[in-house]
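Please open the model in a viewer and keep the selection tool at hand. The stops below follow one another from a single residue outward.

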Amino acid sequence: MKTSLAFPIRQATTSRRHQLDFEQLVFGKEPTDHLFISEFAEGNWQNPRIEPFHDIRMSPFSLSLHYGQTVFEGMKAFRMNDGRVAIFRPDKHHERFNRSLERMCMPEVPYELFMQALHELVDLEQAWVPELPDAALYIRPFMFATEARLGVKVSDEYIFMIVATPVAQYYAKPLRLKVELEFVRAADGGTGSTKCGGNYGAAFYPAQKARAEGFDQVLWTDSHKHEFIEESGTMNVMFIIDDVLVTPPLTSTILDGVTRDSILTLARQRGIATEERPMSRHELQAALRAGKRVEVFGAGTAAVVAPVEWIQIGADGYSCYTGADAVMFSFKKELDAIRTGERPDLFGWNYLV
Ligand SMILES: *Cc1c(COP(=O)(O)O)cnc(C)c1O
């Protein structure tokens, strides 16, 4: 899509691209050469532009630092086999961004502004989109409150930025997860369905405890009785039991993941039965105890499919199926094939830059 807008670009005088070894990338460490920035003031988005990547100055009184009005998105641009660059489902990320912003009383970003900013930035940074298999350019749009005021209030001023960083192939080591029976990630009516910064800061402590106990992450459960499985760390969780793909329904405590939606769509297209319904830990435990083949995986932009090999429920631990023929891996393969252009993009998911 080309919009009628065109934002000014101030180009970096030199590129840092060639100082980097794309085979040795640390996730989220190396910014590309440029960023997009626009300030919100007096009810409008002002001066949208692309500049060389730079630090920002802000008042220590900035409201986001004190009361947490900050929201982000995460998506990827891929190198197709024919050399072109495609961004995966940016419209869906834009919709979700605006839903998060609304919940946090922050101004929405109009579609044209979001898409043009994304298009121009990724177009300018094409050389930063890796050609290695499974590698990508990770794109992070985000917004935070900048009004300088210590009083507790909704900010009248914001910065909307987009930054990007190349990411290597994600080695999806099978995860060992602990069903979390003490802490909660999200409560009904809270902010669990949004990508607001506070959700992630609040999840560090339980995750750190789980790691000290020898697990990689937690499987979050509901805030009422710790009965229903909700998410896997910062990914959606999916189960394949008796040839049925089950994932929790989208409630106020579940993030509406683009990967989740894509996998559900592919499964339905293949004729695999799918159910968006609550999965209790007792149901999961019964299936594991019965010795059934149970596939459990996290679904998210970073790993796409993150296989789970072990689930700890209280004192009892169970292993899940992670064999090479597991159905979950076929979803990752299919998504990769759509992104590289090896398979037709039947759902219009690739936005070509
Ligand atoms: C971002 C995120 C997901 C996955 O969403 P994708 O759009 O697939 O990347 C799932 N759960 C949480 C809590 C998230 O923050």
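**Stop 1: helix α5 and its end**

Select Gln269, which sits in helix α5. Helices here are DSSP runs of H or I with at least four residues, strands are runs of E with at least two, and both are numbered from the N terminus. This is a predicted model, in which local features need pLDDT of at least 70 and side-chain atom pairs count only at pLDDT 80 or more, while totals for chains, interfaces and linings use all residues. Residues are numbered from 1 along each chain as its sequence is written, and side-chain values use heavy atoms, with hydrogens and water left out.

Gln269 has a relative accessible area of 42%, so it is partly exposed. The classes are buried (under 20% relative accessible area), exposed (over 50%) and partly exposed in between, with a 1.4 Å probe and protein chains only. Now show what surrounds Gln269: apart from neighbours within four places in sequence, it contacts Glu334, Leu346 and Phe347. A contact means heavy atoms within 4.5 Å. For a distance check, pick Ala326: its C-alpha is 18 Å from that of Gln269, with the two positions 57 residues apart in sequence.

Move on to Leu346, one of the contacts of Gln269. Leu346 lies in the loop between α7 and β18 (350–352). Its relative accessibility is 59%, which is why it counts as exposed. Draw a C-alpha to C-alpha distance from Leu346 to His54: the two are 39 Å apart in space and 292 residues apart in sequence.

**Stop 2: salt bridges**

Select Glu334 and Arg270 together. Their side chains form a salt bridge, with 2.7 Å from N to O. The pair links distant parts of the chain, as Glu334 is in helix α7 (residues 327–340) and Arg270 in helix α5 (residues 258–270), 64 residues apart. A salt bridge is a side-chain nitrogen of Lys or Arg within 4 Å of a carboxyl oxygen of Asp or Glu. Are the two partners buried or exposed, or in between? Glu334 counts as buried because its relative accessibility is 7%, whereas Arg270, at 36%, counts as partly exposed.

Next select Glu147, Arg149, Lys153 and Asp156, which are joined into one network by salt bridges that share partners.

Then go to Arg96 and Glu73, whose side chains meet in a salt bridge of 2.8 Å, N to O. This pair also connects distant parts of the chain: Arg96 belongs to helix α2 (residues 90–103), and Glu73 to the loop between β3 (70–72) and β4 (75–79), 23 residues apart. Both Arg96 and Glu73 are buried.

Another pair to display is Asp82 with Arg84, a salt bridge of 2.9 Å, N to O. Arg84 has 42% relative accessibility and therefore counts as partly exposed. The structure holds 27 salt bridges, counting these.

**Stop 3: two positive phi values**

Select Arg89, in the loop between β5 (85–88) and α2. Its phi is positive, about 50°, although Arg89 is not a glycine. Arg89 is buried, because its relative accessible area is 10%.

Then select Asp242, in the loop between β11 (235–241) and β12 (244–247). Asp242 is likewise a residue other than glycine with a positive phi, near 55°.

**Stop 4: helix α4**

Select Arg211, which lies in helix α4 (residues 197–212). At a relative accessible area of 46%, Arg211 is partly exposed. Leaving out residues up to four places away in sequence, Arg211 touches Asp216 and Gln217. Add Arg176 to the selection: its C-alpha is 9.7 Å from that of Arg211, and the two are 35 residues apart in sequence.

**Stop 5: the whole chain**

Zoom out and colour by secondary structure: the chain has seven helices and 18 strands. The C-alpha trace spans about 60 × 55 × 35 Å along its principal axes. Of the 353 residues, 52% count as buried. Among contacts with a separation of 6 or more, 71% are between residues 24 or more positions apart.
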